[in-house]
Amino acid sequence: MTPLAYIGAALAEIAGCFAFWAWLRLGHSPWWVVPGIMSLALFAWMLTLVDSEAAGRAYAAYGGVYICASLGWLWAIEGLRPDRWDVAGAAICLLGAGIILFGPRAA
């Protein structure tokens, strides 16, 4: 469930933030903010579905997933292919997210 929650949260957050970007930077209608706000609320709810005993740890691990999803958005929606440095950085972030979320903890 955790990977799906992270992926869903990332898509919802990026879509919500892009709605504001479209309004303020691309000159789209202010009505873009309405689904943007709903998407950001969905993002927050989806993070509560992550299997973690601490919110801060769940949020920290989410950062790596968000970075990868943002690069996917860059490629799929904005039409810019991530370069090798983007890919290397995202891989390092995912490794860090995995260590944060799944590393052994003292009982």
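There is a kink of about 30° in helix α3, and Gly63 is at its centre. I will start with that helix and then go outwards. Please keep in mind that this is a predicted model.

Helix α3 covers residues 55-76, which is 22 residues. From its first C-alpha to its last, α3 reaches 30 Å, close to the 32 Å expected at 1.5 Å a residue. So what does α3 bury? Its buried residues are Ala58, Ala61, Tyr62, Gly64, Val65, Ala69, Leu71, Trp73 and Leu74. Tyr62 and Gly64, both on that list, sit on either side of Gly63, the centre of the kink.

A reminder about helices in general. An α-helix has 3.6 residues a turn, so residues three or four places apart point the same way. You can look at the list with that in mind: Ala58, Ala61 and Val65 are among the buried residues.

Which elements cover the buried residues of α3? The cover includes α1, residues 2-24, then α2, residues 33-47, and α4, residues 84-102.

Now the whole protein. How many helices and strands does the secondary structure have? There are four helices and zero strands. Read from the N terminus, the order of elements is α-α-α-α. The C-alpha atoms fill a box of roughly 50 × 35 × 20 Å along the principal axes. The protein has 107 residues, and 32% of them count as buried.

Take the contacts between residues at least 6 apart in sequence: 64% of these join residues at least 24 apart. On the outside, the protein exposes about 7,000 Å², and carbon and sulfur atoms supply 72% of that area. As for charge, there are 5 positive and 6 negative charges, and their mean positions are 6 Å apart.

Next, three single residues, one at a time.

The first of my three is Ser39, in helix α2. Is Ser39 buried or exposed? Ser39 counts as buried, because its relative accessibility is 13% and the cut-off for buried is under 20%. Leaving out residues up to four places away in sequence, Ser39 touches Ala12, Ala15 and Gly16. Ile14 is 25 residues from Ser39 along the chain, and their C-alpha atoms are separated by 8.6 Å.

Then Trp32, which is found in the loop between α1 and α2. Trp32 counts as partly exposed because its relative accessibility is 35%, and that class lies between 20% and 50%. Which residues does Trp32 contact, beyond its neighbours within four places in sequence? They are Phe18, Ala19 and Ala22. Phe20 is 12 residues from Trp32 in sequence, and the C-alpha to C-alpha distance is 6.9 Å.

Last, Ala106, in the segment after α4. Ala106 is exposed, because its relative accessible area is 80% and exposed means over 50%. The C-alpha atoms of Ala106 and Ile14 are separated by 34 Å, and the two residues are 92 apart along the chain.

To recap the three: Ser39 is buried, Trp32 is partly exposed, and Ala106 is exposed. And the helix we began with, α3, has its kink centred on Gly63. That is all from me.

Note on methods: Residues are numbered from 1 along each chain as its sequence is written. This is a predicted model: local features need pLDDT of at least 70, side-chain atom pairs count only at pLDDT 80 or more; totals for chains, interfaces and linings use all residues. Side-chain values use heavy atoms; hydrogens and water are left out. Helices (H or I, at least four residues) and strands (E, at least two) are DSSP runs, numbered from the N terminus. Buried means under 20% relative accessible area, exposed over 50%, partly exposed in between (1.4 Å probe, protein chains only). Contact means heavy atoms within 4.5 Å. Accessible areas come from the Shrake-Rupley method with a 1.4 Å probe; for residues, only the protein chains shown count as cover. Lys and Arg count as positive and Asp and Glu as negative; His and the chain ends are not counted. The place of a charge is taken as NZ of Lys, CZ of Arg, CG of Asp or CD of Glu. The expected span of a helix is 1.5 Å times one less than its number of residues. The bend at a residue is the angle between axes fitted to the seven residues ending there and the seven starting there.
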